[in-house]
Amino acid sequence: MLAITEPAHADEAPANAQGANAEQSGGGDGKGIYAAARIQYSGSVTKGGGTGNVTSSDVNWTPPPCWYAPYLGAKDFKKEMSKHIDSQLNTPGMGGTAGAALGETKRHYEDGFDIPGKPGYKDYNVENDGKGMFWAGVENPNEPDYLKRTSCTDLPFWVENGDAPPPQYEEAINPEILAALAYQHMQLPDTKVTLAPEANTKVNLPTWAWLDKAVFDEIQATAALNVPGFNIQATTTARPVSLKLEPGTEDAVTYPASGECVINADDSIGEPYAKGKADETPPCGIRYLRSSGDGTYKLRATITWDINWTGTGGAGGDLPNGTFGNEQAITVQEIQAVNR
């Protein structure tokens, strides 16, 4: 593979503050041309460009490993690309098939040489500078599979302002791809369930569990791309729909039996404990059948989130449900030991 056809590294750094943004810088090095995609993230997203804490319920769904995005205007592209080509051509030992391919690339951008499916350009299309941009491949730095991450290898191509990229570029950035990237960076709140009794309960005593609407609401993350002549965005929204309780031991009964508490009409989950209900069966909760001894049980509470997105031009749709949970230490004591 020629170095000049390798996709760029997306130098993302989303932050967790409202309105924070990250930009992908343009340029090039020995590995290829960098696309100045300027994807900006805001809302509930991770710091430092890492993946968020959402686990997709669809094991076959993955965020886009790479994509094509606006890079530079014609004059700036000529400066960067011609320098890159000349550097490669002047590399000692460059010849044979690789040298011939570089020569074709040079002719493609300078002399209007057509590559199959890709019309050539005269002098890097500088006569149309300001009327569009060259697009180039971008790697998703959070994609662990190198082959997938580097699969957007087509040569940079021209797109007029206001036009859609050519249809053969299925990975061209669009609101749906931005929505998937927002999903990938989304940061959900900790799932700390309110319990009664809170952390110390007794064998065979029902423990009530609930999440208040006021504490637990929908979460949004937005990804936007704004460059001359091309402005798109997508907002991914996660809404809690159910709470799954895993007691941390087989010696326990969950309510309901499935351990999954669905969302109520008022968007809360479960029911707060009230005085006088100690012997009642909670709509959402656990009853431990055996003492935890000198240790604790690790109660895991996992929220399932319904996730969808909306974007530029009225686009929108569903994304796979996401889950996120954490553990709480529960001490379970024998009633006799408490009443001595």
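A residue counts as buried when its relative accessible area is under 20%. Ile303, at 0% relative accessibility, is therefore buried in this predicted model. The residue belongs to strand 18, which covers residues 297-311. Its contacts, sequence neighbours within four places aside, are Thr191, Leu211, Phe216, Pro240, Ser242, Leu243, Ile269, Gly322, Thr323 and Phe324. Asp190 stands 113 residues away from Ile303 along the chain. The C-alpha atoms of the two residues are nevertheless separated by 9.5 Å.

Thr331 offers a second buried site. This residue sits in strand 19, residues 316-333. Its relative accessibility is 19%, so Thr331 counts as buried under the 20% cut-off. Beyond neighbours within four places in sequence, Thr331 touches Ala199, Asn200 and Thr201. Ser292, Gly295 and Thr296 are also in contact with Thr331.

The protein as a whole has 340 residues, of which 46% count as buried. Five helices and 19 strands make up its assigned elements. Consider contacts between residues at least 6 apart in sequence: 73% of them join residues at least 24 apart.

Confidence varies along the model. The mean pLDDT is 85, and 87% of residues reach 70 or more. By element, helix 4 (residues 175-185) has the highest mean pLDDT, 97. Strand 2 (residues 27-29) has the lowest, 42. Over residues 1-34 the pLDDT is below 50. That stretch still has 123 contacts in the model beyond near neighbours in sequence. Where pLDDT is low, predicted coordinates should not be read in detail.

Helix 2 runs over residues 96-110. Its 15 residues should span 21 Å at 1.5 Å a residue, because the expected span uses one less than the number of residues. The end C-alpha atoms are 21 Å apart, in agreement with that expectation. The buried residues of helix 2 are Gly99, Leu102, Thr105, His108 and Tyr109. Their cover includes helix 1 (74-89) and strand 7. Just after helix 2, Gly112 adopts a positive phi of about 75°.

Most residues other than glycine have a negative phi, and most peptide bonds are trans. Several sites in the model depart from these patterns. Asp123 has a positive phi, near 50°. This residue lies in the loop between helix 2 and strand 7. At 34% relative accessibility, Asp123 counts as partly exposed. Asn125 also has a positive phi, near 65°. Its place, too, is in the loop between helix 2 and strand 7. Asn125 is buried, with a relative accessibility of 9%.

Cis peptide bonds occur before two prolines. One links Ala196 to Pro197, with omega near 0°. Pro197 is in the loop that joins strand 9 (194-196) and strand 10 (200-202). Another joins Tyr255 and Pro256, where omega is about -5°. Pro256 is in the loop between strand 14 (252-255) and strand 15 (260-262).

The cavity search covered the whole structure. Two cavities of 30 Å³ or more were found. The largest cavity has a volume of about 60 Å³. Its lining includes Pro70, Met133, Trp135, Val159, Glu160 and Asn161. Gly162, Asp163, Pro228, Gly229 and Phe230 also line this cavity. Strand 7 (132-139) and strand 8 (157-160) are the elements that give two or more residues to the lining. By class, the lining residues of the largest cavity are six nonpolar, three polar and two charged.

The largest pocket has a volume of about 190 Å³. Among its lining residues are Thr51, Gly52, Val54, Ser56, Asp58 and Val59. Trp61, Thr62 and Pro63 also line the pocket, as do Tyr183 and Gln184. Five of the lining residues are nonpolar, five are polar and one is charged.

Note on methods:
Residues are numbered from 1 along each chain as its sequence is written. This is a predicted model: local features need pLDDT of at least 70, side-chain atom pairs count only at pLDDT 80 or more; totals for chains, interfaces and linings use all residues. Side-chain values use heavy atoms; hydrogens and water are left out. On a 1 Å grid over the protein atoms alone, a cavity is a set of points where a 1.4 Å probe fits but cannot get out, and a pocket is an open set with protein on both sides within 12 Å along at least five of seven lines; lining residues have an atom within 4 Å of a point. Grid points are joined across faces, edges and corners, and a volume is the space filled by probe spheres set on the points. Ala, Val, Leu, Ile, Met, Phe, Trp, Tyr, Cys and Pro count as nonpolar, Asp, Glu, Lys and Arg as charged, and the others, Gly among them, as polar. Helices (H or I, at least four residues) and strands (E, at least two) are DSSP runs, numbered from the N terminus. Buried means under 20% relative accessible area, exposed over 50%, partly exposed in between (1.4 Å probe, protein chains only). Contact means heavy atoms within 4.5 Å. pLDDT is the predictor's confidence in each residue, from 0 to 100.
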